[in-house]
Amino acid sequence: MAAATIVHDTSEAVELCAPCGLYLKPITKMTISVALPQLKQPGKSISNWEVMERLKGMVQTHQFSTLRISKSTMDFIRFEGEVENKSLVKSFLACLDGKTIKLSGFSDILKVRAAEYKIDFPTRHDWDSFFRDAKDMNETLPGERPDTIHLEGLPCKWFAAKDSGSEKPSEEVLIKVFRKFGEIRNVDIPMLDPYREEMTGRNFHTFSFGGHLNFEAYVQYQEYAGFITAMNALRGMKLMFKGDDGKAVACNIKVSFDSTKHLSDASIKKRQLERQKLQELEKQREEQKRKEKEAEEKQKEEERKQRELEEYERERKREEKLRRREQKQKDRELRRNKKQLEKLQAEEQKKLQEKIKLEERKLLLAQRNLQSIRLIAELLSRAKVTSIFISAANEEPNRTKPFTDLGGVGIAVH
């Protein structure tokens, strides 16, 4: 659907649900066609922008709310214009329809045709003939008769519950808004059903050109009169929202009667059964995911334990290797110390032996010296005795008697 546009004049707005800030505003659109001449000079073209500006200048003191190109060919340019109020449409058409435009640089005159926008909206004849001719419809049953309105392009924010903090539409708000036309039997907002997209294969989350999230809804009235009143009220209207600050915006919505038995008892029951099946499948998928997750976690735990075991084994081997290396180093150190000790002991032993030999030699020399001294002393002693005897002998020559040999020395005997 088209983007929401700002509304400056709300005088023609009709209240839909004032507490929700929702109103209906007449669609004030027109189509403008400008016939183009045959271009005789190659390379020369007509500016769509220039044509648009000429159209804006033709409405004199008034101005378009929006004016855009809907189709452009070699023969014509078609515009869609919108004004603030329904009352301005006729004056705009009077200023445009049947008039001509003269563009600079072109001799041909461009003819302008303008008409009120033809709204695509079903009539009473459309739904009466459809349900009358439908072979698979039972008009005595709800949902199989003209009682359900199908709405598309409703802005989510406008139908969200106030103070809920959510921008999703609310079925309660939808009922509150459309109860204005009659008692409501049932409503359905497909985008609120998490299983609906899987059930139908459709995507119910739609965005408008302006980026706002829109939704579709089904509103089923208890009586045919409510359906008729709602369709008549919505015909030729767009939805307008007025905020607490007084500012208003409006957007076009698509309104049609439901021809698919969407809110018939059979369809509702079918969706419930499909929903139950999908819920069961979801439970099974969740259970399967849970089992797979548990198996995965178990496998991860086993892999973790295996890694820890391998890491422990590597650490143990590393520590064992380190211990063997340290032991070898200790053994080498011990052997080296032992060798050094043996070497030191051998050196000490050698020094001791040398010292003993030296002491023995000193002792031997001392003994020899002692013996020499003793011998010298003995010799001196004997020499002294001999000297005495000789002296005595010399003093008493006459008394000298033959003496015995004492140690090779003659001794006189008196």
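How many Å separate the centres of domain 1 and domain 2, taken over C-alpha atoms? The legend to the opening view has the answer.

This is a predicted model, in which local features need pLDDT of at least 70, side-chain atom pairs count only at pLDDT 80 or more, and totals for chains, interfaces and linings use all residues. Residues are numbered from 1 along each chain as its sequence is written, and side-chain values use heavy atoms, with hydrogens and water left out.

**View A. Two domains and a distant pair of residues.**
The domain assignment gives domain 1 as 28-116 and domain 2 as 126-272; such bounds come from an automatic or database domain assignment. Taken over C-alpha atoms, the domain centres are 36 Å apart. For a longer view, find Gln-349 in helix H7 (helices, H or I of at least four residues, and strands, E of at least two, are DSSP runs numbered from the N terminus). Its C-alpha atom and that of Val-255 are separated by 123 Å, with the two positions 94 residues apart along the chain. Gln-349 is partly exposed at 39% relative accessible area (buried means under 20%, exposed over 50%, and partly exposed in between, with a 1.4 Å probe and protein chains only).

**View B. Helix H1 and its buried face.**
Look here for Val-51, Met-52, Leu-55 and Met-58, the buried residues of H1. Seen down the helix axis, they fall within an arc of 120 degrees, so they line one face of H1 (the arc is that of the directions from the helix axis to the C-beta atoms). Trp-49 and Gly-57 are exposed on the other side of H1. The partners of the buried residues are strand S4 (29-35), S5, strand S6 (76-82), H2, strand S7 (100-102) and strand S8 (109-116), where contact means heavy atoms within 4.5 Å. Just after the helix, Gln-60 takes a positive phi of about 60 degrees.

**View C. An edge-to-face pair, Phe-64 and Phe-92.**
Rings of Phe, Tyr and Trp (its six-membered ring) pair if their centres lie within 6.5 Å; planes under 30 degrees apart count as stacked, over 60 as edge-to-face and the rest as tilted. By this rule the count comes to 10 aromatic pairs. One of them joins Phe-64 and Phe-92 edge-to-face, at 5.0 Å centre to centre and 70 degrees between the planes. Phe-64 sits in the loop between helix H1 (48-58) and strand S5 (66-72) and Phe-92 in helix H2 (residues 87-96), so the pair ties together parts that are 28 residues apart in sequence. Both rings belong to buried residues: Phe-64 has a relative accessible area of 12%, and Phe-92 has 1%.

**View D. Phe-130, Phe-131 and an aromatic cluster.**
Phe-130 and Phe-131 also pair edge-to-face, with 5.2 Å centre to centre and 90 degrees between the planes. Phe-130 is partly exposed at 30% relative accessibility, whereas Phe-131 is buried at 3%. Both belong to one aromatic cluster, together with Trp-127, Tyr-224, Phe-227 and Phe-257.

**View E. Lys-29 between a ring and a carboxylate.**
Lys-29 lies over the face of Tyr-117, at 4.3 Å from the ring centre (a charge sits over a ring if NZ of Lys or CZ of Arg is within 6 Å of the ring centre and within 35 degrees of the ring normal). Its side chain also meets that of Glu-80 in a salt bridge (3.5 Å, N to O); the term asks for a side-chain nitrogen of Lys or Arg within 4 Å of a carboxyl oxygen of Asp or Glu. Glu-80 is in strand S6 and Lys-29 in strand S4, 51 residues apart. Glu-80 is buried at 14% relative accessible area, and Lys-29 is buried at 13%. A network of salt bridges links these two residues with Arg-68.

**View F. Salt bridges involving helix H7.**
The structure holds 26 salt bridges, including one between Arg-275 and Asp-193 (2.8 Å, N to O). Arg-275 lies in helix H7 (residues 265-395) and Asp-193 in the loop between strand S10 (184-188) and helix H5 (196-200), so the pair ties together parts that are 82 residues apart in sequence. Asp-193 is buried, at 10% relative accessibility. Further along, Arg-336 and Glu-333 meet in a salt bridge (2.0 Å, N to O), and being three residues apart in helix H7 they are separated by about one helical turn. Arg-336 is partly exposed at 40%, and Glu-333 is partly exposed at 34%.
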